[in-house]
Each structure stands twice: as C-alpha cells, then as structure tokens.
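Dear colleague,

I am handing over the structure we spoke about, and it is placed directly below this paragraph. Please look through it before reading my notes.

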Amino acid sequence: MPEGKLCNKQTVDTKEQLEALLADKGGKQYYEEMNHLDVNKSALTATLKKVVKSRFKTWLEICSHCGLCAESCFYYLANDRDPTQVPSYKIQSTLGKMLKRKGDVDNAFMQMCMDTAFAKCTCCTRCGVYCPFGIDTGVMFAYLRGILFSQGFSPWEMKIGTGMHRIYRAQMDVTVEDWVETCEWMAEEYEADWPGLTIPVDKENADIMYTVNAREPKHYPEDIAEAAILFHVAGENWTVPGEGWEETSLAMFAGDVAACKMQVESVYTAMDRLKPKRMVVTECGHAYRATVIEGPYWAGLKNGKTPVESIHYIEWVAEALRTGKLKIDPSKKIKEPVTYQDSCNYIRNGGLADVAREIMSYIAEDFREMNPCREHNFCCGGGGGLNGIGRYRQQRNIGLKIKRDQIQETGAKLVVAPCHNCWDAIRDMEEIYKIGIRWTFLKPLLIKMLEVPEHLKPKDE
Amino acid sequence: MYEFVTGPLAWLAFGLFAVGIIVRVVRYVRGLDWQADRVTYTVNVKFGVKGALRSIFYWLLPYGTRSWRKNPGFTFLVFLLHIGLLFTPIFLQAHNVLLKERWGISLWTIPESAADLLTIAVIFAAVFLALRRIALTEVRIITNAYDYLMLLIAVAPFITGIIARYQVANYQFWLILHILCGEILLVAIPFTKLSHFILFFASRAQLGMDYGIKRGGMKGKGLAW
Ligand code: SF4
Ligand code: SF4
C-alpha cells in the first residue's frame, strides 16, 4: 500500500522527518504523494467508532435540514450564498457520508473531506449557536480533522506544525535556549527606558506565570518586552517558565490529539514546578482555547481545569485597569472611532465578551461595536489555522470579506485585535482589500497611554 | 377493526413509543464521554445544570433566541406546527372520551372549535414548511425524501382526523386511517429522526452544559442564545 515519504500516516517525531517536510517547498511533493495515499479502511472504521459517539450520532441524525445554520456561516455569506457552503451540507457530505459508508471511502473522498474541513470551515462554532438542536458543526469538523489526520490527510503546514509541537513543544522551532535568550535580550534592550525592567525566568511562587505564542520570540520579540513593561509598571510579581512557555497548538487545528496533550502538559508541568498563583496567557485566542479551555481534557484532568487558575491577557488588563495597577492618562485615551475584534476562541468559546468591553470603556472615547458582536461575532476569516495554509489561501481571502465589511460599517479606522490569528487575518485583509485601517494588540496601545509613576521613569543624568 | 386498532394495536404503539424514547435517552446519556466530548458532565454540576436549562429554555421560547428572531416567518411556522402537534391530540375531546371509556382516565379538554383551528394550523404550517424546502436553495440542497416523509407522518393524523370529523365521505374508513396514522406517528418518534421529540432536550442540554461548564459559563454571564 503506497505511503508517501512525506505524506503518510506516521507522525513527525524526529528532526530529520521535519527537515524533509520543510525542504519540500510549498508541499509540492507532499500533495503529490497525497494523491496516491491509501485509505486504511479498517483503521478508519475503528477511529469512527471511537470518535463518533452519541453526541455526534445524534447531531447527524436529528438535523432537520432546516437551513437556519446557513446564514450563520461567514463562508456561506462570503461566497454569495453558495448552498454548498451551508454548514449542515458541509458536514453531512463529509463526516455524515463517511459514517454512512462505515469508512469505506477512497482517496478522492478523503481529500474532499480535508478541503472541506479546512477551506470551508474555520471551526468558529458560530453555526452551533444558531441551530435549534444545538448541532455544533464546527466541533464536528474539528474532530473530522483528527480523523483525517490519522489517515495522513492533513495540509502540509499542519503536518509540520504537529511535528514542531512534538519535537520542540512549540509551534515553531524555538528551543528553550532561544526562548530564554530572547527574554534576556529584550530585558537588556528595554532596560534603559525602563529602569529595573527584568524578565524573570523560572522564578518560583510568583503571582503570575506568563506564557506566550511562539511567534513572539520568533518574529515579534518586542511583544515580550511590552508584556514585561506592563507587568513592571503594574508592580506584578511575575515570571516566565524556561520550559513550558508555549501556549499555542497547531496540533489542535490539525486534530493531532496526542501532540495536543504533549504540548499542554509541558505548560502544566511548568505550573507544577514553579507553583505560581495564576497563569496569564498572551493576546492569543486559540492558544488560550488550547491550553486553558480544551487542554485539561487532553491531559485527563477530571475537573476540566488547569492545575492553577489561568486567565487570558485581556482579563489581566481589565483587572489591572480596574484596580488601578495600571493607570491611563485621560488625555491619551483613544479619541478616534475604534472597534474591537471579538475572537471566537476566547469570546464565543471563552465567555470574555464583557471583559473586552470593560477594557474599551477605560481606553476609548468612541468605541464602536461591530454588528454582530460579542458571542455572535463572525470569525475573522483566519481561524482554525487557515492563515497558515498555502493550499487554501484563495478561499481564506474570500472569507475575509465579511470581516472587512463589518469593520467598514463601524466607521472606525482602528481595530483592537488581541488575538494573533485575528491580527494576522486583519493585516492580510488590509493588504488585499486596502480599506485604510490600522490594527493593534493591546500591549503597544496601553504603553502609549500609561501614566507612569515617577520612580519608574528613567533618570536624566 | 375499530376495536383492534384502538385496542391491542394502540397498546403496542404506545408501548413502543414509551419504551423507545426511554431507550433513546438512556443510549444517548450512556454514549456521552467526558474526555472525548471534553465536557466534565459530572463535575462542576451547578454550572452544567444552569447551562443546560438556559439552553433549553431560550430555545423553547418563541423568538427567544437570536436565531429564532432572525427568521421570524420560519419561527412562526415551527412553533405553530409543534404547538398544534402536541396539544391537539392530548386535549381533544374525542380522544379523552375514548380514554375514559378504555382506561378510565380523562384530561382537561379544549373546545372542538379550538381543536379544529389547531388542526388547520398544523396542516397550514406543514404545507408552508414543505414549500419553504423547495423555495430556498440553502434548504433545498440539504432536503431529501426522508424529510418530506417525516413531515407527512407528522401531519397525516391531522389530515385524516379532520376529514373524519367532517365526515366528508366514508366515516369509518377515515376514522380507522386516522387512528393508524396516529399510531404510525407514535412509533415513528423513537425510530426516526422524529426522535428529536426527546433528543432535542438531550442535545440542547449537552451543548448548554458544554457552554455552561467549559466554554465560558464559569466566567461570563452565560451564552446569549
Ligand atoms: S440549523 Fe441545525 S438542524 Fe437546521 S440544518 Fe443546520 S444543523 Fe441542521
Ligand atoms: S463552524 Fe463556523 S466556519 Fe464552520 S461551518 Fe460553522 S459557521 Fe461555518
């Protein structure tokens, strides 16, 4: 049975495997091999039996084909109401059919499923909120991705991502040394402007253990410096773990549950080792979803909670502003119209809608809600790993139109987007559609507005 | 014939209906898995119960959710259909007379004119829901013959019932057909996708618990359905 050298059912656990995949630019050979990949039918049947239990079976069975989910899906709207984008249709024609055929499907079918599960669904779970039966198609697609992954049908970048997590316990090849060095470098770099600024690594019993998205040490190290500055000004007793600092999970997008477990356990181990009072997760949506919301289940923690209380960055910001740990200079509040991008992962799926509004009430004079907003907000278009998959670039770009229109309707030129995926999607959207907007994380915005206590300011000699 | 369909056959239909729905619920609950579903069903129970009740309550309320409000016409038809389907057979005078005769019990009843109105409402709603399936592309693409069959099984007792009541033609024939249709409906509930009769509650409770426990219910006010 043909198994490709790059595209196969094996997981990526060694650097050699990973390098071979990375060397295949754009996944050309990988996708070519995928065309010949066999479906292991008995394994697929067994996986289906394990994954599709009463919840999914019921969802697939009782769907009354009412179509209420159609308009809830941003892909359906962005593709001019293409009926093949109706969530019910998408899931019935993939997972539903796979189940009906008891796993007796071919390569073409599996590739169609992969294309649907990634390029037609970002697992934003919005449709589940609009279905009278509570059929959560986004959740089913997330599990379908896992079924496909077990058979080797996963986008090239996703396969690489899972390998990264398995090897580096991070979504990118950032080693513990790289990470610690970046922290030291950033502390040195900003120390002149912020006397006493440190990034304490592996400090035990701190009030806060701060964890990040690997993109930060890799591409945006200033983000770590900014976090440090804000903790410093707020007078927090904080630390970052040397190991177990990465919150994100491309493994979750890919559906590689074993890798998901390895990843979150690295963070939980850091919690056990450093015994912080709380963990704060950087401005990332899926990272929070993976490590705080879903992670305890992968790790088998029976109370469904992380070993120490974990909060999203916006929760920390709201608390710091509320309690006066951070003070905003009223004259520096945002005067222009500004809007907020509600991330599916920590707003709809994390219950933090009010927290975001609280922050905006402290920092903005003309805050404009998108329509719809809060739990009902549309996906930015880059969720579910879509930002990073070359094969589906075109489909992703079409999906961005909904967010573009939503932002334009607010009249705001500034979008606060405290989520890496949303931030990227909005950046790409501006690049493609050029509507003249700016987008930002909270950290740089806050630093510009702070009232810095005298003793923390640099002394002019 | 009349004796048979209102006697042993009725017993059988009610029996299958009752046992069937119990089995469906038991199987549903037994098939839940906290780790695979990623919801701690038996821990954080307070949040779970609250989430489940909210999820059921808002969806049972006409226009109680954003989705219902966004689709006012459909919502009207759906509630009309379901209210008629549930209330008419239970509170119909003729049914209660029969009930008294056979099992010695009877419930509060509604006037015959109200029953007529409800019956017509059910038929009206079903016709428009069927037309909607044809008219809207997003509904047509997911509709299959099974969906129409379900609709037919659900309204058949009403169509035959009203014909029998007005005794347009052969009363005995329509009456027996009406009873048979009713029994088919009862049996169809647990064995077809009409099982949403009970699984609606199971599924809504499950997603409600998911949101109530894991997806923000412990932090926010609970999802604004
Ligand atoms: S809204 Fe729910 S029941 Fe209706 S078609 Fe969509 S998934 Fe099926
Ligand atoms: S989860 Fe989101 S993207 Fe996927 S089908 Fe539902 S609404 Fe569409």
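The notes below go through chain A by region and then turn to chain B.

Please bear in mind throughout that this is a predicted model, and that every value here is computed from it.

I begin with the helices that pack around helix 8 of chain A. Helix 4 (residues 54-62) of chain A packs against helix 8 (residues 137-150) of chain A at an angle of about 120°, the axes of the two being 11 Å apart. Since angles over 115 degrees and up to 145 fall outside both the perpendicular and the antiparallel ranges, helix 4 of chain A and helix 8 of chain A are oblique to each other. Their crossing is left-handed, and the residues that meet are R55(A), F56(A), W59(A) and L60(A) on the side of helix 4, with V139(A), M140(A) and Y143(A) on the side of helix 8. Sorted by class, the contact of helix 4 of chain A with helix 8 of chain A has six nonpolar residues, one charged residue and no polar ones.

Helix 6 (residues 87-100) of chain A also packs on helix 8 of chain A, here at an angle of about 35° and with the axes 11 Å apart. The crossing of helix 6 of chain A and helix 8 of chain A is left-handed. On helix 6 of chain A the contact is made by P87(A), K90(A), I91(A), T94(A), L95(A) and M98(A), while helix 8 of chain A contributes T137(A), M140(A), F141(A), L144(A), I147(A) and L148(A). Nine of the residues in the contact of helix 6 of chain A with helix 8 of chain A are nonpolar, two are polar and one is charged.

In the same chain you will find the surroundings of ligand 2, which are made up of C73(A), F74(A), P87(A), K90(A), C121(A), T122(A), C123(A), C124(A), T125(A), C127(A) and G138(A). By class, this shell around ligand 2 holds seven nonpolar, three polar and one charged residues.

The loop between helix 4 and helix 5 (74-78) of chain A contains H65(A), which has a positive phi of about 55° although it is not a glycine. With a relative accessible area of 7%, H65(A) is buried.

Further along the chain, P276(A) lies in the loop between helix 14 (257-274) and strand 3 (278-281) of chain A, and it counts as buried because its relative accessibility is 6%, under the 20% cut-off. Leaving out residues up to four places away in sequence, P276(A) touches A206(A), I208(A), M209(A), M271(A) and V308(A). From P276(A) to T323(A) there are 47 residues in sequence and, C-alpha to C-alpha, 21 Å in space.

Helix 16 (residues 313-323) of chain A is largely enclosed by the rest of the structure, because nine of its 11 residues are buried. Those buried residues are Y313(A), I314(A), E315(A), W316(A), V317(A), A318(A), E319(A), A320(A) and L321(A). Just after helix 16 of chain A comes G324(A), with a positive phi of about 85°.

The loop between strand 6 (364-368) and helix 19 (393-410) of chain A, where N387(A) is found, deserves a look of its own. P372(A) is found in this loop, and the peptide bond from N371(A) to P372(A) is cis, with omega near -5°. R374(A) is in the loop as well; its phi is near 50°, a positive value in a residue other than glycine, and R374(A) is partly exposed, with a relative accessible area of 24%. N387(A), by contrast, counts as buried at 11% relative accessibility. Apart from neighbours within four places in sequence, N387(A) is in contact with G382(A), R393(A), R396(A), N421(A), D424(A) and A425(A).

Turning to chain B, its secondary structure comes to 12 helices and zero strands. The C-alpha atoms of chain B fill a box of roughly 65 × 40 × 35 Å along the principal axes, and 47% of its 225 residues count as buried. Among the contacts in chain B with a separation of 6 or more, 66% are between residues 24 or more positions apart.

One residue of chain B to inspect is S67(B), in helix 5 (residues 66-70) of chain B. S67(B) counts as buried at 0% relative accessibility, and, not counting residues up to four places away in sequence, S67(B) touches L68(A), Y130(A) and W59(B).

With best wishes

Notes:
Residues are numbered from 1 along each chain as its sequence is written. Chains are lettered from A and ligands numbered from 1 in the order in which they are written. This is a predicted model: local features need pLDDT of at least 70, side-chain atom pairs count only at pLDDT 80 or more; totals for chains, interfaces and linings use all residues. Side-chain values use heavy atoms; hydrogens and water are left out. Axes are lines fitted to C-alpha atoms, for helices over the stretch in contact, and angles run from 0 to 180 degrees between N-to-C directions. Helices (H or I, at least four residues) and strands (E, at least two) are DSSP runs, numbered from the N terminus. Angles under 35 degrees count as roughly parallel, over 145 as roughly antiparallel, 65 to 115 as roughly perpendicular and the rest as oblique. A crossing is left-handed if the near helix is turned anticlockwise from the far one by less than a right angle, and right-handed if clockwise. Contact means heavy atoms within 4.5 Å. Ala, Val, Leu, Ile, Met, Phe, Trp, Tyr, Cys and Pro count as nonpolar, Asp, Glu, Lys and Arg as charged, and the others, Gly among them, as polar. Buried means under 20% relative accessible area, exposed over 50%, partly exposed in between (1.4 Å probe, protein chains only). A residue is near a molecule or strand if one of its heavy atoms lies within 4 Å of it.
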